[in-house]
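Colleague: Could you take me through one part of this model slowly? I'd like a close look at the place where the ligand sits.

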Amino acid sequence: MDTAIVLFNRDLRVHDHPALAAACDRAEQVVPLFVLDPAVPQGQRHGFLLECLADLRASLRARGGDLVVRQGDVVRETMRLATELGVATVCASADVSSLARRREERFAREPIEFLRFPGVTVVPPAALLPSGGGDHYRVFTPYWRAWKRHSRRPQLPPPRRVRIPAGLAVGRLPGPDRRGAMPGGESAARERAARWLRQDLDDYAGRRDDLAGDRTSRLSPYLRFGCLSPLELACRAERSEEFVRQLCWRDFHHQVTYAFPQINRDDYRPDARRWRRDQDALQAWQAGLTGLPIVDAGMRQLLAEGWMHNRARLIVAAYLVRHLGLDWRAGARHFFQLLLDGDVADNSGNWQWVAGTGNDTRPNRPFNPLRQAARYDPTGDYVRRHVPELADLPTEHIHEPWRLPTPPPGYPPRLDGPDE
Ligand code: FAD
């Protein structure tokens with residue numbers, strides 16, 4: 001192989017990157033490429049992406065290479081560059097969403113060798129199949145058992161040198177347009193992971209549901225953009241089974257999405273339920289103005305940070321679908337727009353799980369937001385942090401529903417059910 005293009009997408013790192021490592025091993029010259037698609041909406045996640053790309057470019061330059069940046073349709077721009085340079089091979093990390101799969105199918109029809117590599121998940125999506133038949137695992141626990149037994153591919157060091165063709169126009173990278181608390185990129189990801197594994201991993205199981213304590217890793221945006229290898233993280237975190245289990249949940253939703261790529265549109269488990277249409281209630285939920293403090297705290301954390309604690313995601317999602325009776329797709333769309341870690345497989349998979357249309361084996365388990373609030377935010381500090389107008393309330397009143405100036409129709413919903 002003379003020259004190979006490595007097409008980056010959401011694998012924005014140099015450590016443990018099978019497509020990049022293979023291209024550097026086999027080809028004399030390598031063209032690391034990222035195509036910015038103007039059809040992808042701007043927003044917090046876009047700014048994070050630009051930071052990831054700047055960091056990747058710096059890492060590749062430090063190895064003698066560069067990141068070539070083009071704008072436009074990914075397949076067209078890749079093929080244009082391949083023709084210009086006379087390249088016959090494109091290496092890329094395989095992905096699961098319908099968008100990514102369509103792109104891979106388009107490459108397969110082009111007159112080029114398109115090679116797919118693992119790296120987006122710990123275990124590749126179709127590597128594990130249930131013994132009883134079927135093209136994917138529908139239930140988590142048997143998947144988790146098989147996942148733990150599965151032998152893993154070796155981790156790969158970053159390439160020592162990346163040799164790119166001389167005189168290649170590398171293209172301008174737009175400057176980052178955000179000032180976020182979490183800077184994008186592999187360097188920031190590795191620093192955060194090292195610190196968190198050293199300081200917080202051992203307490204993870206006991207503290208992962210403590211809303212105010214905020215002791216989860218917050219590595220999700222980095223995993224979303226592939227700034228960290230999920231395989232490397234799973235190996236480094238081995239001493240906490242509970243943490244590794246969360247990475248397995250991520251793989252689980254990816255293998256479901258691989259088999260059911262319409263997961264962001266269609267119910268995974270057909271459902272006859274009629275969702276209510278209520279724009280006012282939806283908007284109040286989106287704005288963090290439902291009048292239920294724990295829900296409003298979660299929704300405002302999302303607006304302010306582009307991230308929300310997992311326990312709060314469960315509470316606000318269950319509130320939307322069960323108490324307000326609104327379609328999970330409306331909630332998933334709002335999350336997807338705002339979350340830095342917004343990702344089709346994890347977002348839709350979790351929303352469907354909460355809505356009872358997904359992979360939960362007990363889809364109607366009881367869920368009471370007030371009891372959740374009392375259990376996971378017993379001091380009320382999570383609410384105080386994110387809903388400043390309630391900051392002076394004493395703990396015994398902090399979680400009480402407050403009255404809205406104009407309650408949305410159907411408000412207040414019934415909150416007196418049991419909880420689990
Ligand atoms: P940690 O607790 O430190 O976990 C480590 C990693 O494990 C996470 O970074 C994440 O990659 C993975 N993980 C943890 N929990 C889950 C889970 N339930 N499903 C899949 N992976 C998990 N996660 C996303 O990455 N993107 C999303 O778009 C997304 N949408 C969600 C929507 C809803 C309604 C719910 C209930 C959960 C959603 N999650 C999503 C899962 C989870 O809430 C986040 O991954 C987690 O809160 C990220 O914080 P952390 O990195 O501190 O997690």
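Modeller: Here's a walk around the ligand, going from the whole shell down to single atoms. Keep in mind that this is a predicted model.

Let's start with where we are. The ligand's shell takes residues from both domain 2 (121-152 + 190-259) and domain 3 (279-397), so the ligand lies between these two domains. Now look at the helices: helix 8 (220-224), helix 10 (241-259), helix 13 (310-323) and helix 15 (344-355) each give at least two residues to that shell. Helix 10 has the largest share, with six residues.

What kinds of residues make up the shell? You'll find 13 nonpolar ones, nine polar ones and six charged ones. There are 28 residues around the ligand, and the ones that come nearest are Tyr204, Thr216, Ser217, Arg218 and Asn310.

Zoom in on Tyr204, and you'll see one of its polar side-chain atoms 2.5 Å from an oxygen atom of the ligand. Leu219 does things another way: here a backbone N or O atom sits 3.0 Å from a ligand oxygen. Then go to Asn350, where a polar side-chain atom lies 3.0 Å from a nitrogen atom of the ligand. With those contacts in view, how much of the ligand's accessible area does the protein cover? On its own the ligand has 820 Å² of accessible area, and the protein covers 97% of that.

So, to put the picture back together: the ligand sits between domain 2 and domain 3, and helix 10 supplies the largest share of its shell.

Technical notes: Residues are numbered from 1 along each chain as its sequence is written. This is a predicted model: local features need pLDDT of at least 70, side-chain atom pairs count only at pLDDT 80 or more; totals for chains, interfaces and linings use all residues. Side-chain values use heavy atoms; hydrogens and water are left out. A residue is near a molecule or strand if one of its heavy atoms lies within 4 Å of it. A polar contact is a pair of N or O atoms within 3.5 Å; within protein, one must be able to donate a hydrogen and the other to accept it, and residues adjacent in sequence count only if both atoms are side-chain atoms. Accessible areas come from the Shrake-Rupley method with a 1.4 Å probe; for residues, only the protein chains shown count as cover. Helices (H or I, at least four residues) and strands (E, at least two) are DSSP runs, numbered from the N terminus. Ala, Val, Leu, Ile, Met, Phe, Trp, Tyr, Cys and Pro count as nonpolar, Asp, Glu, Lys and Arg as charged, and the others, Gly among them, as polar. Domain bounds come from an automatic or database domain assignment.
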